[in-house]
Amino acid sequence: MKPNSAIFAFPKGVTRNFYIVMLALFLFSFYPLRSQQSAIDSINTKIQNLKKQRPTTFKDTTYVHLLYELGGKYRYISNDSLYAISLRIREISKEIAYDKGGIYALMRLGDYYSNKGFDEKSLNHYLEAYNLAGQKDYTGIKLDLFINLGYVYSLLGNYENAFKSYLEGIDLASTFEDKYLEHLSILNEAIANLYTSQKEYKQALSFFKETKKINDKIGDEKIQAETMVGLASVLAEMKQ
């Protein structure tokens, strides 16, 4: 069923900041804070080892990839660090003529501006990144962008494009069987939550059930518990 954007709105009392916090909590169900810090330490160790092994030639695609991963770990921990890393990715990628690195920089800057509440600026960075990635075989990048675009579109009140982004992400990820299960889980639950906010509980239930099936394959009890809370809430609403 096509979402009715005319009546779509955040529930009464729900603010933009609350929505951002909820997204962060949802993503942390996949990547808990403790594991985030552990990952940051691990990536920094890899960067330092790279510099020691190749002190004059460490600025390569491996270095850019590590910076991109590092920026992702900092997204909900330190926005200042995220911004500095984004600029570093852009600088090095330009220096070594690495087009994929330029896309990485745009994505991380989109994350930064989204965290700052500059949604239009964030959207522009994500769209530019998507337009560049669309010319390449960058499936993982495209899926990340579909998630981010859907999120920012929803904040801007463009719910039709939010649904479209999430659904296109599902279509793409589904062509790879079980390779992108975490993306599929996030995308399906994002749609379920949008339908829940719109009080379209039957549609929301369908996507929560699909998310549950995907989570069963992932096998993470904490992720599944988060989904079950949303599913139970929808079932409760449907009984009223």
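The paragraphs below go from the overall fold of this predicted model to a few of its helices and the contacts around one arginine.

The protein chain is built from 11 helices and has 0 strands, so that, read from the N terminus, the order of its elements is α-α-α-α-α-α-α-α-α-α-α. Of the 240 residues in the protein chain, 47% are buried, and the chain exposes about 12500 Å², of which carbon and sulfur atoms supply 52%. When contacts between residues at least 6 apart in sequence are considered, 61% of them join residues at least 24 apart.

A convenient place to enter the fold is helix 3, which covers residues 61-74. Its 14 residues reach 20 Å from the first C-alpha to the last, close to the 20 Å expected at 1.5 Å a residue. At the start of helix 3, a side-chain oxygen of aspartate 60 comes to within 3.2 Å of the backbone nitrogen of threonine 62. The buried residues of helix 3 include Tyr63, Val64, Leu66 and Leu67, and further along the helix Tyr68, Leu70, Gly71 and Tyr74 are buried as well. The spacing of such positions can be read against a general property of the element: an α-helix has 3.6 residues a turn, so residues three or four places apart point the same way.

Tyrosine 63 also takes part in ring packing. The whole structure contains 9 aromatic pairs, and one of them joins phenylalanine 58 to tyrosine 63 in an edge-to-face arrangement, with 5.0 Å from centre to centre and 85 degrees between the planes. Both phenylalanine 58 and tyrosine 63 are buried. Elsewhere, ring pairs link Tyr83, Tyr112, Tyr113 and Phe118 into a cluster.

The other tyrosine to follow from helix 3 is tyrosine 68, which leads to arginine 108 in helix 5 (residues 99-116). The side chain of arginine 108 reaches the backbone oxygen of tyrosine 68 at 3.1 Å, while the charged end of arginine 108 sits over the ring of tyrosine 68, 4.0 Å from the centre of that ring. Arginine 108 counts as buried because its relative accessibility is 10%, and buried means under 20%. With neighbours within four places in sequence left aside, arginine 108 is in contact with Tyr68, Gly71 and Gly72, and also with Leu82, Ser86 and Ile89. Arginine 75 lies 33 residues from arginine 108 in sequence, and the C-alpha atoms of the two are 8.3 Å apart in space.

One of the partners of arginine 108 is serine 86, which has its place in helix 4 (residues 79-95). Serine 86 is buried, with a relative accessible area of 0%. Apart from neighbours within four places in sequence, serine 86 is in contact with Ala105, Arg108 and Leu109.

Further along the chain, helix 9 (residues 181-197) offers a second check on helix geometry. Because 17 residues at 1.5 Å a residue should span 24 Å, the separation of 24 Å between the end C-alpha atoms of helix 9 agrees with expectation. Helix 9 is mostly covered, since 13 of its 17 residues are buried. After helix 9 comes lysine 199, which has a positive phi, near 65 degrees.

Notes. Residues are numbered from 1 along each chain as its sequence is written. This is a predicted model: local features need pLDDT of at least 70, side-chain atom pairs count only at pLDDT 80 or more; totals for chains, interfaces and linings use all residues. Side-chain values use heavy atoms; hydrogens and water are left out. Helices (H or I, at least four residues) and strands (E, at least two) are DSSP runs, numbered from the N terminus. Buried means under 20% relative accessible area, exposed over 50%, partly exposed in between (1.4 Å probe, protein chains only). Contact means heavy atoms within 4.5 Å. Accessible areas come from the Shrake-Rupley method with a 1.4 Å probe; for residues, only the protein chains shown count as cover. The expected span of a helix is 1.5 Å times one less than its number of residues. A polar contact is a pair of N or O atoms within 3.5 Å; within protein, one must be able to donate a hydrogen and the other to accept it, and residues adjacent in sequence count only if both atoms are side-chain atoms. Rings of Phe, Tyr and Trp (its six-membered ring) pair if their centres lie within 6.5 Å; planes under 30 degrees apart count as stacked, over 60 as edge-to-face and the rest as tilted. A charge sits over a ring if NZ of Lys or CZ of Arg is within 6 Å of the ring centre and within 35 degrees of the ring normal.
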